[in-house]
Amino acid sequence: MVEKIVVSEKNIKFLKKVQELSGEDIILCDQCGVCSGSCPMVAEMDITPSNLMRMVQLGIEDVMKSKTMWLCASCFACTARCPRGLDLSKVAEALRLINLRKAIDQIDINNLSGEEIKRLPQIALVGGMRKFTS
Amino acid sequence: MATKKKSAKAPKAQVGESDLMARIADANKTVVQGVDDSIVEHWVTIYVMGRAYKVPATLTIMQAMEYAGYRFVRSCGCRAGFCGACATVFRRAGEYKLEAALACQTLVEDGIYLVQIPFAPAKKANYDLDNEVYDSATVFKFYPEVARCISCNTCTKSCPQDLQVMDYIQAMIRGDFEGVVKESFDCIQCGLCAIRCPAEIVQYHVAQLARRMYGKYGRPREKNVQKRVKDIESGKYKDEFKKIMALGKDEIQKVYIKQQQTREIY
Amino acid sequence: MKISYFPGCTLKTSAQNFESSAVNSAKILGVEMVELPRWNCCGVVTSLATDDLIHHVAAVRNLVRVQEMNKNGLVKDNYNLLTLCTMCYHTLGRANLRMKQNPEDLKSINDFMYLEEDYEGNVKVVHFLDLLRDTIGFDKVKEKVKKPLKSLKIAPYYGCMLLRPREIGIDDPESPTIQRDLLIALGADDIENAYGKRCCGSYQTLQDRNVISDLAYDILSRARLEGAEAISLSCPLCAFNLDNRQKEVIEKHPEFKPMPVFYFTQLMALAFGLDQETCGFDLNYIDPRPLLKEKNLI
C-alpha cells in the first residue's frame, strides 16, 4: 500500500522544534541503520531508531505515538557509532521532552507496588523519574 | 480608656449614598480603636495581596495586618514563632526575589508586598512503623518523589526558619537518618518548601517520617531506663507497692509528709 | 595522596560494599579518598536537551564543593573528583564539559546558585579505573596483590556510561581493555566479553522488568559461553539489573545457572587480602562465596 506523505509547513515546524531541542542536524541522517543495529532495546520497539529519524526528518508528528523514544535507555551506542556523528540519544530526549514539558508523565509511580519500590536502588528511581516524569 | 478615633469627614454625597461614601473613604484608614495616629512616629506602607496599608513601623506583619483591619481566622496560631500557621511570602520593593517569613515574628518594612499561605495541600502517607524496616528504602516506598530532587535549593530559600532543607532531603536520599534529624529538627511544618518545590516533594512530611523512624529504631536506648524496666518486670518493687497500697489514708499522709521532710542522699 | 571523592546515593545504602572495598583498597595503594562535604545526588542520567540547565545544577554544585575542599585544606591543590559509580562519573563529567564548553551556561548556573561560590571550571571528574590506569599504574596494583585471583574466570562488564560517548569515555568504546588489564594485574584469567559494552537496560528497570531480564539473560549467557564464572562491573544500577534481576531471569529460564556479580573493587579488596567484611559479599544478591571457596580464595 502506497502512502502519500506531504511535507507541509506544520511538518517543517515539528522538525525545527526537534532540531532546536536536540541541537542535532537531523537532515544529515542517511538512513544507514547502524543505530538500529546497535540498539539494545530495538527488539521491544515498534519502530526502529532509523525509522524514528526518518519520521522526524519528514516532520511526521505521529512519531509521538511510538514507544521507541520511551524505550531508549540513553546508552549512547547509536551516538558512538553513527557515521555522520549524529547524537540519536538527544533526538530521543527531545521527543520525550515534547510530551513531558506539557506535564504529561510517561509513568505513574503509583503503579509500582511499595515492595517493588523498596527493592529498587535509588539510582533507578532517580534515573527513571528524570526521564519519565515532568 | 479607648477613645473613638476621628476620621476625616467624607464629602457630602447624594442622600442615601452619603453613609456608603463615608465608609468607602474610611476604608483606607487604619481602623484600630484606641490608638491615636499622632502617637506613632514612623509609618510604613505595606501591600497585603496587592492593597496598600499605612501601618506603624514597629509592628510585626501579623500585628500590622490586624492594625489595618484584618481579622485572622486562618494564618494565625501560636503567635510565638512555633506553630508555622502564619507562613508568609513577601517581596521587598524593587527586588525580584521572594522571601519567606513568619508573620508573627517578622517586623514590617516599607514597601513589602506580601501574601499568606495558610495551608499546603501536601501528600501525607499512611504508615505503621512497627511493620517497616529501618532503611532509606522504606522512605522511598512512601515518598518515591524524593528521588526527583534536582538540588535546585528552592526549598532552602523558602524556609522561614533558615533551615538547610535541600541538605536534609539529600541526606534522606543517601539514607543518612541522623543527618535528616539534625537538619530538620527546627522545622515547624509551615509548608512553604512543599509549595515551591519543582519536584513536588513534601519535604517536611519526609523529614517527619525520618525523625519518627530514627526515634524508634536509630537512637540508642537509654540504658538506665531499660534496666529499670527489667527490674520492675522482674518484680523487684512488687512488695513495696503492696505495702503502700495496703496503707490507710492517715498512714499514707504520714509517710508522705515524712518523705517530703527528709533529705535522702541518692 | 588525598583526593576528593563523590560517593553517589546508592553507594551509601544498597551498594555500601562497593564503597567499603574501594576506600580500603585505595588506602593500600596510598590514596586517601576524602568524601565531599555536603554533596548532593548528581542526578543521573545527564540531561540531553540543549536548553535544559536546571538539571545540571545538581552536578555543578558538587564541582563547587571540590573548590571548597581545596580552600578548606581538606585536599591540597587537587581539583580531581574521584567517582566509583559510572553513572555518577558520566553525569558529573558531562555537566562539567558543558560548563567548560559553554561559558554563558556556566554564568547562568552560577547566577542561579547565588548562595554558592562561582564554579570556575577547573575541576576534572575522574573514574577510579582511570586513576588506577593513569595515575597509580597497574604495576603498582600487581605489587600489592597478596592473594592472586588464580583460576577465577571473570568477564569484565563495562556498560555504557564509562565508554560512550567518546568525549567522556575512558577507553575505546569498541575494544575496551581497562578492566581486563586490572583483572589480569589481580591475577585472574583473561576472559573476553563480547557483550561487555552492551547496555543493561539502565533505568528501564523502573517500568519494564521483562526487557531487563531478557537483556541480563543475554549478557550473562554470553559471558558464560566465553568461559566466565563471574562478572565484574562498576555501577550499582548495572549491578542491580545483572545481579538482583537474576531472580526474574531464573523465573523465565529455570535452567539458567546463577552467576555472581562483583564490583571490581571487591575483587581488588579480595586480592589485596582484606577481610570479608570489607569486601562486603553479603550485599551481593547472588552469593559469590561458594565460588570463591571453590577457588580457595576465602
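**A buried helix, a chain contact and a pair of domains**

Helix α8 of chain A, residues 122-132, is mostly covered, with eleven of its eleven residues buried. The model is predicted. The buried residues of α8(A) include the nonpolar A:Ile123, A:Ala124, A:Leu125, A:Val126, A:Met129 and A:Phe132. Also buried are A:Gln122, A:Gly127 and A:Gly128. The charged A:Arg130 and A:Lys131 are among the buried residues as well.

The cover over α8(A) draws on three chains. Chain A itself contributes α6 (88-100). From chain B come α3 (136-142) and α5 (165-173). Chain C adds α3 (86-101) and α9 (236-244).

Helix α9(C) also figures in the contact between chains C and A. Here, 32 residues of chain C are in contact with 32 residues of chain A. On the chain C side, α8 (209-225) and α9 each supply at least two residues. The largest share, three residues, comes from α9(C). By class, this side of chain C holds 19 nonpolar, ten polar and three charged residues.

Chain B is assigned two domains: domain 1 spans 39-116 and domain 2 spans 129-218. Their centres, taken over C-alpha atoms, are separated by 28 Å. Eight residues of domain 1 of chain B are in contact with eight residues of domain 2. On the domain 1 side, β3 (87-91) and β4 (98-102) of chain B each give two or more residues. Strand β4(B) provides the largest share, three residues. This side of domain 1 has seven nonpolar residues and one polar residue, with no charged residues.

Terms used:
Residues are numbered from 1 along each chain as its sequence is written. Chains are lettered from A and ligands numbered from 1 in the order in which they are written. This is a predicted model: local features need pLDDT of at least 70, side-chain atom pairs count only at pLDDT 80 or more; totals for chains, interfaces and linings use all residues. A residue is buried if 20 or more other C-beta atoms lie within 10 Å of its own, exposed if 12 or fewer, and partly exposed in between; C-beta atoms are placed from the backbone. Helices (H or I, at least four residues) and strands (E, at least two) are DSSP runs, numbered from the N terminus. Two residues are in contact if their C-beta atoms, placed from the backbone, lie within 7 Å. Domain bounds come from an automatic or database domain assignment.
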